[in-house]
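Reader: I am a first-year student and should like a close look at one part of this model, namely its salt bridges. Please set them within the chain as a whole.

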Amino acid sequence: MIHWTHGGEDRSAHWHSEAGAAAPRRVVPADDTLPADAAYRMACEGTGLLWQGDFQNARHLLQALMRRADGRGRKPGARGRAKASAPAAAAPAGAAPITQAFHLHRQAQAQRARVLGMLLIPVQGDHTIALRRAPDWRPALAEAWGAPDGTPRVVALRELLGIVGAHEWRKKGVEVPALGAPPDNRIHPHYGVFSPVRGEYVDLVAQVPLPAGAQALAFDIGTGTGVLAAVLARRGVRRVVATDQDPRALQCARENLQRLSVLPQVDVQEADLFPAGRAPLVVCNPPWVPARAAAPIERAVYDEDSRMLRGFLGGLGAHLEPGGEGWLILSDLAEHLGLRSRAQLLAWIEEAGLRVLDRRDTRPRHGKAADPADPLHAARAAEVTSLWRLGAAG
C-alpha cells in the first residue's frame with residue numbers, strides 16, 4: 001500500500017510497479033502550482049509526487065523532469081542541489097573502459113528511471129483516471145493489468161505512458177519481411193513482451209537451410225511473440241512446439257500465430273526452456289547481454305550470468321534427435337562490452353557435448369549502431385549477430 005495525506009485526511013491505495021520498484025517512502029500531493037525545479041529536487045530525494053491537478057500538465061511536468069534528468073532545463077543553482085542527492089555511480093574495479101562505460105550507463109539509466117518514476121498518478125478501481133483532461137486509457141490498462149477488479153492503484157506516469165505506447169504497438173503491429181508480403185506479415189507484441197524490432201536475427205532463421213527431418217518437427221525455445229515459430233511454420237515445418245514461461249508471452253504468441261493462420265501447425269506450451277521429447281531442429285534466441293534486468297521487459301535483452309544461454313546449451317543434447325541441429329541466435333555485443341568472452345561461449349558449447357557445425361553472421365541494422373553519440377557506440381558498431389548451428393559432438 002501507499003499512503004499520503006490530502007485535505008487533512010489520511011488516504012491509501014495499492015502501489016503498482018511492473019518493474020518491481022519499491023513504493024516511495026514519502027508521498028505528497030502535487031498539482032499545477034508545483035515548479036519543475038522543486039519537483040525535480042523532491043524526486044531526486046525519493047519523494048513521490050501524487051498528482052492531483054490537470055493531467056496534461058502532469059505530462060508537461062514529466063517532460064520537464066526528463067530535461068533536468070538529462071542535464072537540460074534547470075535554473076542556475078538547481079542542478080547542484082539535485083545532483084547532490086543522487087547516489088554516485090561506480091563501476092567494478094579493474095574493468096575495461098568499455099565495460100566501465102556499460103555499467104555507468106546502466107546505473108545512469110536506473111537513476112534516471114527512479115527519478116522520473118516519482119511522478120505518480122491515481123487510477124480508480126475501474127481503470128479510469130479521475131483528473132482534469134485525463135484520457136480514457138481503460139482498454140490499454142485492461143490489456144496490461146486484466147479486467148478491472150475495483151482496486152484503486154497508484155502508478156508512475158512514466159509507466160502509464162509505456163502501457164499506452166505498448167497498446168498502440170499492439171494495434172499497429174511490427175512488419176516482419178521474413179514472414180512474407182504485407183499485410184499478412186505483422187507481429188503484434190503485447191505489453192511486457194519484447195517486440196521483434198531487430199529483424200536481422202529473424203532473417204537468419206528464415207534463410208539458413210533446414211536440417212534433415214526438420215520439415216516434420218522443430219522446437220522454438222523462449223518463443224516470446226511467436227515470431228520464430230511463425231517463420232518456421234511459414235517455411236513448411238509441419239509441427240512446431242513453441243515454449244515460454246511468461247503467461248503474457250504465451251497469450252501473445254497464440255494470438256499472433258492465429259492471426260498469421262499458422263496456429264494449427266504450432267503447439268504453444270508453458271515450459272522452462274524445453275518441452276518433452278526430441279526434435280531434428282531446436283531453435284533458441286536467448287537474451288544477449290549477461291546483466292541483471294531492471295524490469296520484466298528487459299529480460300528479453302538481459303540475462304544475469306547467462307542463465308538461459310547456459311541452460312539451453314546444457315539441455316540441448318538431450319532434446320536433439322540423432323543428426324539434429326540446435327540453432328543458437330546470439331549477438332556478440334556482450335563480447336565487445338567485456339561481459340562474456342568468445343572463449344567462454346565455446347567452452348560452454350564443448351562442455352555440453354556439442355560442436356559447431358557452422359555459423360552465419362549478419363550486421364545489425366538498428367539506429368544505435370550508427371550513432372556516435374551513444375555511450376556504447378564502439379561496442380554497437382562492432383556488433384555481429386550470428387546463427388550458430390550446433391550438433392552433438394560424437
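The answer below begins with the whole chain and then turns to its charged pairs.

Author: This is a predicted model, in which local features need pLDDT of at least 70 and side-chain atom pairs count only at pLDDT 80 or more, while totals for chains, interfaces and linings use all residues. Residues are numbered from 1 along each chain as its sequence is written, and side-chain values use heavy atoms, with hydrogens and water left out.

The chain has 13 helices and 15 strands; helices (H or I, at least four residues) and strands (E, at least two) are DSSP runs, numbered from the N terminus. Its radius of gyration is 23 Å, close to the 21 Å that the globule rule gives for 394 residues, so the chain is as compact as a globular protein of that length. That radius is taken over C-alpha atoms, and the globule rule is 2.2 Å times the number of residues to the power 0.38. Along the principal axes, the C-alpha trace spans about 75 × 50 × 35 Å. Of the 394 residues, 47% are buried, where buried means under 20% relative accessible area, exposed over 50%, and partly exposed in between (1.4 Å probe, protein chains only).

The charges come next. There are 48 positive and 41 negative charges in the chain, and their mean positions are 5 Å apart. Here Lys and Arg count as positive and Asp and Glu as negative, whereas His and the chain ends are not counted; the place of a charge is taken as NZ of Lys, CZ of Arg, CG of Asp or CD of Glu. Side chains of opposite charge can pair when their charged atoms come close. A salt bridge is a side-chain nitrogen of Lys or Arg within 4 Å of a carboxyl oxygen of Asp or Glu, and by this rule the count comes to 22.

One of these pairs consists of glutamate 18 and arginine 248, whose closest N and O atoms are 3.0 Å apart. Glutamate 18 lies in the loop between strand E2 (9-15) and strand E3 (26-30), and arginine 248 in helix H9 (residues 247-259), so the pair ties together parts that are 230 residues apart in sequence. Glutamate 18 is buried, at 18% relative accessible area, whereas arginine 248 is partly exposed, at 24%.

Further pairs involve residues 358 to 361. Arginine 359 forms a salt bridge with aspartate 361, at 2.9 Å from N to O. Both partners are partly exposed: arginine 359 has a relative accessible area of 35%, and aspartate 361 one of 40%. Salt bridges that share partners also join Glu325, Asp358, Arg360 and Arg389 into one network. Within that network, the side chains of arginine 360 and aspartate 358 meet at 3.0 Å, N to O. Arginine 360 is partly exposed at 34%, and aspartate 358 is partly exposed at 24%.

The strands in this part of the chain also serve as cover for helix H7 (residues 199-207). The buried residues of H7 are Glu200, Tyr201, Val202, Asp203, Leu204 and Val205. Their cover includes helix H8 (227-234), strand E13 (320-331), strand E14 (354-362) and strand E15 (385-392).

Definitions and conventions. Contact means heavy atoms within 4.5 Å.
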